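I open the notebook here with the structure on screen. My entries follow the order in which I looked things up.

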Amino acid sequence: ATASAPTTTRPDPLVAGRLPGTWRGTLKLPPSGAGGAEVASPATVRFDVAAGTLRWTLAAGPSSPTLAADGTAIVVDGELRMTGTVRAGARPASPAPSRSTVRVRYAGTMVGDQLEVTGVTTDKQVHVLSIRRVVE
């Protein structure tokens, strides 16, 4: 019967209340130049609720973060939608706008225990996040 078909590829319902906490995995970025290789870095995403708003922060890089981002998130019809700002390097946000600051929009779903999220920045860079909740 078709009821026994595997459901591992079907996204699980995503509920905003399940997101707060720390998630770890990888962030894949496109090659930096022609003929370059895709770059995968360790990534940590933290979801918190502040003043009734779901907020997120991202730090990615092999040792000290080479990419940092933050913003707000919502869940609509089981899909996670995150918007925010990406900064190259681990510099603290400065009040003066920087050319290295770009906006990003992510969308993703749960697949098993993994959150699969794809984003596109305003400078057309594609980010692919694959993260799992860390037991705290």
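**Entry 1: Thr-22**

I began with Thr-22, which I find in strand 1, the run of residues 21-29. The model I am reading is a predicted one. Is Thr-22 buried or exposed? I note a relative accessible area of 8% for Thr-22, and because buried means under 20%, I enter this residue as buried. I then looked for a partner of its side chain and found a polar contact, at 2.6 Å, between the side chain of Thr-22 and the side chain of Arg-46.

**Entry 2: the chain as a whole**

I next went through the secondary structure of the protein chain, where I list 0 helices and 8 strands, so that from the N terminus on I write the elements as β-β-β-β-β-β-β-β. Of the 136 residues in the chain, 31% count as buried, and I put its accessible surface at about 8100 Å², with 57% of that belonging to carbon and sulfur atoms. When I take the contacts between residues at least 6 apart in sequence, 39% of them join residues at least 24 apart.

**Entry 3: the core**

Which residues have the most contacts inside the largest nonpolar core? This core has 26 residues, and I write down Phe-47, Trp-56, Leu-58, Leu-80, Leu-115 and Leu-129 as those with the most contacts inside it. I checked where the core residues come from, and each of strands 1 to 8 supplies at least two of them. I then followed Leu-80 and, leaving aside residues up to four places away in sequence, I see that Leu-80 touches residues including Leu-14, Leu-19, Phe-47, Tyr-106, Leu-115 and Val-117.

**Entry 4: two positive phi values**

I looked up backbone angles in two loops. Phi of Ala-51 is near 50°, a positive value in a residue other than glycine, and I place Ala-51 in the loop between strand 2 (39-50) and strand 3 (53-60). With a relative accessible area of 85%, Ala-51 is exposed. For Lys-124 I note a phi near 70°, again positive in a residue other than glycine, and I place Lys-124 in the loop between strand 7 (114-121) and strand 8 (126-133). Lys-124 counts as exposed, at 68% relative accessibility.

**Entry 5: a surface patch**

Last, I turned to the surface, where Val-120, Val-126 and Val-128 form a nonpolar patch with about 200 Å² of accessible area together. Val-126 is found in strand 8, and with a relative accessible area of 38% I enter Val-126 as partly exposed.

Key:
Residues are numbered from 1 along each chain as its sequence is written. This is a predicted model: local features need pLDDT of at least 70, side-chain atom pairs count only at pLDDT 80 or more; totals for chains, interfaces and linings use all residues. Side-chain values use heavy atoms; hydrogens and water are left out. Helices (H or I, at least four residues) and strands (E, at least two) are DSSP runs, numbered from the N terminus. Buried means under 20% relative accessible area, exposed over 50%, partly exposed in between (1.4 Å probe, protein chains only). A polar contact is a pair of N or O atoms within 3.5 Å; within protein, one must be able to donate a hydrogen and the other to accept it, and residues adjacent in sequence count only if both atoms are side-chain atoms. A nonpolar core is a set of buried Ala, Val, Leu, Ile, Met, Phe, Trp, Tyr and Cys residues joined through side-chain atoms within 4.5 Å. Contact means heavy atoms within 4.5 Å. Patches are made of residues with over 30% relative accessible area and no salt bridge: like charges are joined within 9 Å, nonpolar side chains (Val, Leu, Ile, Met, Phe, Trp, Tyr) within 5 Å. Accessible areas come from the Shrake-Rupley method with a 1.4 Å probe; for residues, only the protein chains shown count as cover. A salt bridge is a side-chain nitrogen of Lys or Arg within 4 Å of a carboxyl oxygen of Asp or Glu.
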